[in-house]
Amino acid sequence: MEYFTETSNNIDNKPKLTKLGISLIAVTGGLAAAISIICIPFVSPAFRKICLPYVPATNQQVQNVLQALKGRSGSLIDLGSGDGRIVLAAAKAGFKSYGIELNPWLVWYSRLTAFTNGLSSKTRFFRRDLWKCNLQDYNNVILFGVEQMMEDIEQKFNTELQKDSVIIACRFPLPNTNPIATIGEGVDTVWLYKR
């Protein structure tokens, strides 16, 4: 198979690309562009001041969150909802559930999963920055945060959440508020707070 051909009437004696060579360059370039477009939402959090990576909740974490929500009702928001598994589990438990996520692929995946599980009417997923989302309409808030953001998010909670709202922090506790309950251990630990 030849990707280049030499012709006698080529003045510069440079090889010319064949149709196969041009096709391979186009396909390779197209694949590289597609992979880049798909990967950008997963890599871009590393360029933010506070990086909130996508790490799926374990089944035990989901169960711990549901246990923390026992006896609660109303609206629920998961800040940085990832693939939507917490939002979907809460919807199955009777909550009107919302997910906020920056990664557009994860938002679309969550919406598709909600649709295929018959939960579209009980869930909503939005591509939004959690720092720009007003939390005053939610009485149950879930956050899988990172240590660097917990003090700032705690201030946001204190400013925006109504009295008797519940906060469930996963992986890292709020630094200045005492939890009313701690459920689980290790990476599966969740801390329950009440405003």
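Biologist: Let's begin with Tyr138: is this residue buried or exposed?
Modeller: Happy to help, and please keep in mind that this is a predicted model. The relative accessible area of Tyr138 is 12%. Buried means a value under 20%, so Tyr138 counts as buried.

Biologist: How many aromatic pairs are there?
Modeller: Ring centres have to lie within 6.5 Å of each other for a pair to count. By this rule the number of aromatic pairs is two.

Biologist: Nice. For Tyr98 and Phe126, are the ring planes stacked or edge-to-face?
Modeller: A pair of aromatic rings is described by how far apart the centres are and by the angle of the planes. Here the centres of Tyr98 and Phe126 are 6.4 Å apart and the planes meet at 10°. Planes under 30 degrees apart count as stacked, so the pair of Tyr98 and Phe126 is stacked.

Biologist: How many residues apart are Tyr98 and Phe126?
Modeller: Tyr98 belongs to strand S4 (residues 96-101), and Phe126 to strand S5 (residues 123-127). Their pair links distant parts of the chain, and the separation is 28 residues.

Biologist: And is the pair of Tyr98 and Tyr138 stacked or edge-to-face?
Modeller: The ring centres of Tyr98 and Tyr138 are 5.4 Å apart, with the planes at 70°. An angle over 60 degrees is the cut-off to look for, so this pair is edge-to-face.

Biologist: Which parts of the structure does the pair of Tyr98 and Tyr138 tie together?
Modeller: The two residues are 40 residues apart in sequence. Tyr98 lies in strand S4 and Tyr138 in a loop, so the parts tied together are S4 and the loop between S5 and S6.

Biologist: Which residues do the ring pairs link into a cluster?
Modeller: Tyr98 is buried, at 19% relative accessibility, while Phe126 is partly exposed, at 25%. Tyr138 is buried too, at 12%. The cluster linked by ring pairs is made of Tyr98, Phe126 and Tyr138.

Biologist: Which residue has its charged end over the ring of Phe126?
Modeller: The charged end in question sits 4.7 Å from the centre of the Phe126 ring. It belongs to Arg128.

Biologist: Let's move to the sheet. Which are its edge strands?
Modeller: The sheet is open and has seven strands with mixed pairing, in the order S5-S4-S3-S6-S7-S9-S8. An edge strand pairs on one side only, and the two that do so are S5 and S8.

Biologist: How many residues of strand S7 are buried?
Modeller: S7 covers residues 166-170. Val166, Ile168 and Cys170 point one way from the strand, Ile167 and Ala169 the other way, and all are buried. S7 is therefore largely enclosed by the rest of the structure, with a buried count of five of the five.

Biologist: In which sense do S7 and S9 pair, parallel or antiparallel?
Modeller: Let's start with S6, which runs parallel to S7 and is joined to it by five bridges; Ile142 stands opposite Ile168 there. With S9, Ala169 of S7 faces Trp191, and Val166 faces Lys194. These two strands, S7 and S9, have five bridges, and their sense is antiparallel.

Biologist: Which helix joins S6 and S7 in a β-α-β unit?
Modeller: The unit is right-handed and includes both S6 and S7. Its helix spans residues 150-160 and is H5.

Biologist: Last one: which helix packs on the sheet touching S6, S7, S8 and S9?
Modeller: The direction of this helix makes about 20° with that of S9. Another helix, H4, lies across S4 and S5 and runs at about 165° to S5. The helix touching S6, S7, S8 and S9 covers residues 59-68 and is H2.

Notes. Residues numbered from 1 in each chain as written. Predicted model: local features only at pLDDT ≥ 70, side-chain atom pairs only at ≥ 80, totals over all residues. Heavy atoms only, no water. Buried < 20%, exposed > 50% of the residue type's maximum accessible area, 1.4 Å probe, protein only. Helix = DSSP H or I, 4+ residues; strand = E, 2+ residues; numbered from the N terminus. Pairing = 2+ DSSP bridges. Right-handed = clockwise from strand over helix to strand, strands pointing away. Phe/Tyr/Trp six-rings, centres within 6.5 Å; stacked < 30°, edge-to-face > 60°. Lys NZ or Arg CZ within 6 Å of the ring centre and 35° of its normal. Contact = heavy atoms within 4.5 Å. Axes fitted to C-alpha atoms, helices over the stretch in contact; angles between N-to-C directions.
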